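Colleague: I would like a close look at a single part of this model, followed outward into whatever surrounds it. Please take your time over the answer.

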Amino acid sequence: MKSRWNWACALSTVAMLAVTGSSQSSETRGATFTKAGELMLPKGYRKWMFIGASITPNGLNSGSAPFPEFHSVYVELDNFRSYQKNGKFPEGTVMVKELSLVQPGKHPDGSLDSASGRGYFPGSLNGLDVMVKDSARFSKTNNWGFFTFGHHAQPYNATAKESSTTECASCHIANVAKTDMVWVRYYPLLSVQID
């Protein structure tokens, strides 16, 4: 009787490993680089922890905001929890910022009316930016590398070269170096314990 129970436990463990192994194979955990050092487009990031979205629309910035899209930010749950515990993201953290256009509105500031009130609402997807924490690769930019997979509709580029320091890193270094290069003040979930 005991040997049957042991066999049943062993078989269910193997089955669970097969299921979890097959689901993880379709999603990349961490960053994957080509031999040339380009970052490969992350997979499965929409299943990661969504920590928030910000927007600085053209209508509130004299008609020309530097970043007028919605910025939806995702990070893997383990890295999110590590930040909550330690105040820093661990090595290998990947943060994805997916951009979406603002639905055009009829008001002078670009807002539109909806059943929930007047406001700004996301439209079509329009680009993908990624940050990777890797102190060996990116020591010159406070341990983070910055990548753009295109500011256009899908499909996004399959790989991306590291952005120059002046494109992204310099602004993060000047403004958010004390919060591990991340604009944490715009993402209150980073300070909330999630079970």
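Which residues does Asp180 touch, not counting residues up to four places away in sequence?

Modeller: This is a predicted model, and what follows should be read with that in mind. Asp180 touches Lys88, Phe89, Lys133 and Trp144, once residues up to four places away in sequence are set aside. The place of Asp180 is in the segment after H3, and because its relative accessibility is 11%, under the 20% that marks the limit for a buried residue, Asp180 counts as buried.

Two of those partners, Phe89 and Trp144, lead directly into the interior. Phe89 and Trp144 are listed with Ile51, Met95 and Leu190 as the residues that have the most contacts inside the largest nonpolar core, a set of 17 residues. To this core S2, S3, helix H2 (77-86) and S8 each supply at least two residues. Apart from it lies another core, of 15 residues, with Leu39, Val96, Val132 and Phe149 among them.

Trp144 deserves a fuller description. Leaving out residues up to four places away in sequence, Trp144 touches Phe89, Thr93, Met95, Met131, Val132, Lys133, Phe138, Asp180, Met181 and Val182. Lys133 and Phe89 thus appear in the contact list of Trp144 as well as in that of Asp180. Val132, another contact of Trp144, is a member of the core of 15 residues, whereas Trp144 itself is named in the core of 17.

The strand that follows from here is S8 (144-148), which is mostly covered, with 4 of its 5 residues buried. S8 pairs with S7 (122-133) in the antiparallel sense over 5 bridges, and in this pairing Met131 stands opposite Phe146 of S8. The loop between S7 and S8 holds Asn143, a residue other than glycine whose phi is nonetheless positive, near 80 degrees. Asn143 is partly exposed, because its relative accessible area of 26% falls between the limits of 20% and 50%. On the other side of S8, in the loop that runs from S8 to strand S9 (159-160), Pro155 is found, and the peptide bond from Gln154 to Pro155 is cis, with omega near 5 degrees.

The pairing of S7 with S8 belongs to a wider arrangement, an open sheet of 5 strands in the order S2-S3-S4-S7-S8 with antiparallel pairing. S2 and S8 are its edge strands, each pairing on one side only, and the twist averages 25 degrees from one strand to the next. Strands of a sheet pair through backbone hydrogen bonds, in a parallel or an antiparallel manner. Within this sheet S3 and strand S4 (residues 94-102) pair in the antiparallel sense over 6 bridges, and Ser72 has Glu98 in S4 as its bridge partner.

The helix that precedes the segment of Asp180 can now be placed against these strands. In helix H3 (residues 165-176), Ala169, His172 and Val176 are buried, and they lie on the same side of H3 because they cover an arc of only 80 degrees around the axis. An α-helix has 3.6 residues a turn, so residues three or four places apart point the same way. What covers the buried residues of H3 includes S7 and S8, while the face turned away from that buried side carries the exposed residues Thr166 and Ala174.

Two loops elsewhere in the sheet region complete the picture. Ser62, in the loop between strand S2 (49-55) and strand S3 (70-75), has a positive phi of about 55 degrees although it is not a glycine. At 80% relative accessibility, which is over the 50% limit, Ser62 counts as exposed. Asp109 has its place in the loop between S4 and strand S5 (112-114), and its side chain is joined to that of Arg118 by a polar contact of 3.2 Å. Leaving aside neighbours within four places in sequence, Asp109 is in contact with Gly59, Leu60, Arg118 and Tyr120.

To return to the starting point, Asp180 is a buried residue whose contacts include Phe89 and Trp144, both of them among the residues with the most contacts inside the largest nonpolar core.

Methods
Residues are numbered from 1 along each chain as its sequence is written. This is a predicted model: local features need pLDDT of at least 70, side-chain atom pairs count only at pLDDT 80 or more; totals for chains, interfaces and linings use all residues. Side-chain values use heavy atoms; hydrogens and water are left out. Buried means under 20% relative accessible area, exposed over 50%, partly exposed in between (1.4 Å probe, protein chains only). Two strands pair if DSSP finds at least two bridges between them. Axes are lines fitted to C-alpha atoms, for helices over the stretch in contact, and angles run from 0 to 180 degrees between N-to-C directions. The arc is that of the directions from the helix axis to the C-beta atoms. Contact means heavy atoms within 4.5 Å. A polar contact is a pair of N or O atoms within 3.5 Å; within protein, one must be able to donate a hydrogen and the other to accept it, and residues adjacent in sequence count only if both atoms are side-chain atoms. A nonpolar core is a set of buried Ala, Val, Leu, Ile, Met, Phe, Trp, Tyr and Cys residues joined through side-chain atoms within 4.5 Å.
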